[in-house]
Amino acid sequence: MQTADVVIIGAGIVGSSIAWHLTEAGCRNVLLVERESHQGKGSTGKSMGGVRAQFATAVNIQMSLYSIPFYAAFQERLGLPSEYRAQGYLFVATRPSHLDYLRTNQALQKSLGLTQARMLTREEIVEIVPQLRSDDVLGGSFCPTDGFVDPDSVMVGFTTRACGHGTTLWRSTDVTGIKRQNGRISGVETPRGPVSTPTVVNASGPWAAQTAALAGIDLPVEPLRRMLVPTEPFDGVSHAIPMVVDMTNGFHFRPESLGFLLAWNDPEETVGYKDNFEPSFIEKVLLRAADRVPCFENLAVNPKRAWAGLYEMSPDHHAILGQAPEVPGFFCANGFSGHGAMHAPATGKIVSDLILTGATSVVNDVELLSPERFAKGALLHETAVL
Ligand SMILES: Cc1cc2nc3c(=O)[nH]c(=O)nc-3n(C[C@H](O)[C@H](O)[C@H](O)COP(=O)(O)OP(=O)(O)OC[C@H]3O[C@@H](n4cnc5c(N)ncnc54)[C@H](O)[C@@H]3O)c2cc1C
């Protein structure tokens, strides 16, 4: 029978980061299992690639404070690109309550060491994006170290380096069963045969609840469709601008290639494994685009290039990280609620630390993210969700 010190189920950006961090810490027998023939067919390949530290809770800010410098040093450290571009995130407020919210968040961000974030006046916002309609803009917040990465490149970088140092990647291999002995993890079942292991990590993205169910665990992670619309080449707005978030309605956009990538989270979307792109979404997003940036009414869109993917939603929009109390040896790395690409480095470090040492210093209180919080009713709501 095959054996592994750790079996990771799912080789997206999260599973590959965990594999790299484990091997970096000296673990030499890690098995990374992916059911698809290629990595990145889950949420990772559908992501907008935004990275930001402008969050509302300490634990999310701290995860970004590990992850963003990691992305900045990725090429130097791993010798492969993350495509990190520090173009910033600009939150545009149109109501006094938005400004209060941004100010409160920024005070917390600064207290945790995010010195670069700052509040902006309407005039300063218009200097950054002169084409923005600003008659109702009251101000906003900006952090220049926020920006974008290419999640596929990051996943490939982590996997390539992990595989050189003690990780084996099995593609086209579905984990079909998780075995327990005396209550704790003892192995997994796959079409290639059983694998004996004391430690399993659930890195199955939107399919996390199904993977947890194999171990008899009820994990509250649900798939929720998100759609993105890339535009044809457009140079009416600078390509050096940040990710711009219109807080009026959640419309956001960033430069992508020679055009722009448009996003809006439709509040009427319902939970389910729907990954088809709905063509009527184009009109909805373009309406909001032209409302905030009038020259965007000239944008051309090829519907065939638009796509949909799945967020993996947790009940409080925070990741679920740590060992499941009911099954020793089963670790969760799930429920990122739209932040899995930006928080993959911190997740890799935290989960690797917890497996190898039982503790981590990446965040002050990792217990806040533990799977136990749902049974205890100790939810921790994140409101800065896009
Ligand atoms: C449209 C969209 C935009 C987004 N934008 C952003 C953004 O701007 N910034 C950001 O940080 N995040 C963003 N996200 C979220 C981010 O993409 C995800 O949080 C992240 O990719 C999750 O990575 P993962 O590795 O956990 O999951 P995935 O990439 O889904 O990987 C999970 C893998 O597990 C495999 N798997 C599942 N079950 C099994 C099994 N039983 N056996 C073997 N393999 C299995 C799947 O095949 C899959 O490849 C976005 C997501 C979407 C859909």
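Modeller: One term before we start: contact means heavy atoms within 4.5 Å. Bear in mind too that this is a predicted model.

Biologist: Fine. Which residues is leucine 299 in contact with, leaving aside its neighbours within four places in sequence?

Modeller: With that rule, leucine 299 is in contact with Thr231, Phe234, Leu262 and Leu286. Leucine 299 itself sits in the loop between helix H8 (280-292) and strand E18 (307-313).

Biologist: Why is leucine 299 called buried?

Modeller: Its relative accessible area is 10%, and buried means under 20%, so leucine 299 goes in the buried class. As for distances, the C-alpha atoms of leucine 299 and alanine 375 are separated by 48 Å, with the two positions 76 residues apart along the chain.

Biologist: And isoleucine 128: what makes that one partly exposed?

Modeller: Isoleucine 128 comes out at 26% relative accessibility. Buried stops under 20% and exposed begins over 50%, so isoleucine 128 lands in between and counts as partly exposed.

Biologist: Where is isoleucine 128 found, and what is it in contact with?

Modeller: Isoleucine 128 belongs to helix H5 (residues 122-128). Leaving out neighbours within four places, its contacts are Leu90, Leu120, Phe142, Ile241 and Pro242. Take proline 242 from that list: it is 114 residues from isoleucine 128 in sequence, yet their C-alpha atoms are 8.4 Å apart.

Biologist: On to the serines. What makes the phi of serine 257 worth a remark?

Modeller: Serine 257 has a phi near 55 degrees, which is positive, and the residue is not a glycine. Most residues other than glycine have a negative phi, which is why a positive one gets flagged.

Biologist: What about serine 337?

Modeller: Serine 337 also has a positive phi, about 55 degrees, without being a glycine.

Biologist: How do you know which of them is buried and which is exposed?

Modeller: Serine 257 has 61% relative accessibility, and exposed means over 50%, so serine 257 counts as exposed. Serine 337 has 0%, which is under 20%, so serine 337 counts as buried. Each is in a loop: serine 257 between strand E16 (252-256) and strand E17 (259-263), serine 337 between strand E20 (330-334) and helix H9 (344-357).

Biologist: Now arginine 226 in strand E14. Why does this residue get its accessibility label?

Modeller: The value for arginine 226 is 15%, and the cut-off is under 20%, so arginine 226 is buried. Beyond four places in sequence, arginine 226 touches Asn265, Trp307, Ala308, Gly309, Tyr311 and Leu386.

Biologist: Which residues line the largest cavity?

Modeller: Arginine 226 is one of them: the lining is Arg225, Arg226, Met227, Trp264, Asn265, Asp266, Glu269 and Phe281. E14 gives the largest share, 3 residues. The space inside is about 40 Å³.

Biologist: What makes you call that space a cavity and not a pocket?

Modeller: A 1.4 Å probe fits in a cavity but cannot get out, whereas a pocket is open. The search of the whole structure finds 2 cavities of 30 Å³ or more.

Biologist: How do the linings of the two cavities divide by class?

Modeller: The largest cavity has 3 nonpolar, 1 polar and 4 charged lining residues. The second largest, with about 30 Å³ of space, has 3 nonpolar, 5 polar and no charged residues. Its lining is Asn60, Met63, His317, His318, Ala319, Phe336, His339 and His343.

Biologist: Why do those histidines not show up as charged?

Modeller: Only Asp, Glu, Lys and Arg count as charged here, so histidine falls among the polar residues.

Biologist: And the second largest pocket: how much space lies in it, and which element gives the largest share of its lining?

Modeller: About 470 Å³ lies in that pocket. H4 gives the largest share of the lining, 6 residues. The lining has 28 residues, with Gly250, Thr383, Ala384, Val385 and Leu386 nearest the centre. By class they divide into 12 nonpolar, 11 polar and 5 charged.

Biologist: Last one: what describes the packing of H1 and H6?

Modeller: Helix H1 (residues 13-24) and helix H6 (residues 151-163) pack at about 35 degrees, with axes 8 Å apart. H1 passes H6 in a left-handed crossing. Among the contact residues are Trp20 of H1 and Phe158 of H6, and the contact divides into 8 nonpolar, 5 polar and 1 charged.

Note on methods: Residues numbered from 1 in each chain as written. Predicted model: local features only at pLDDT ≥ 70, side-chain atom pairs only at ≥ 80, totals over all residues. Heavy atoms only, no water. Axes fitted to C-alpha atoms, helices over the stretch in contact; angles between N-to-C directions. Helix = DSSP H or I, 4+ residues; strand = E, 2+ residues; numbered from the N terminus. Left-handed = near helix turned anticlockwise from the far one by under 90°. 1 Å grid on protein atoms, 1.4 Å probe; cavity = no way out; pocket = protein on both sides within 12 Å on 5 of 7 lines; lining within 4 Å. Points joined across faces, edges and corners; volume = space filled by probe spheres on them. Buried < 20%, exposed > 50% of the residue type's maximum accessible area, 1.4 Å probe, protein only.
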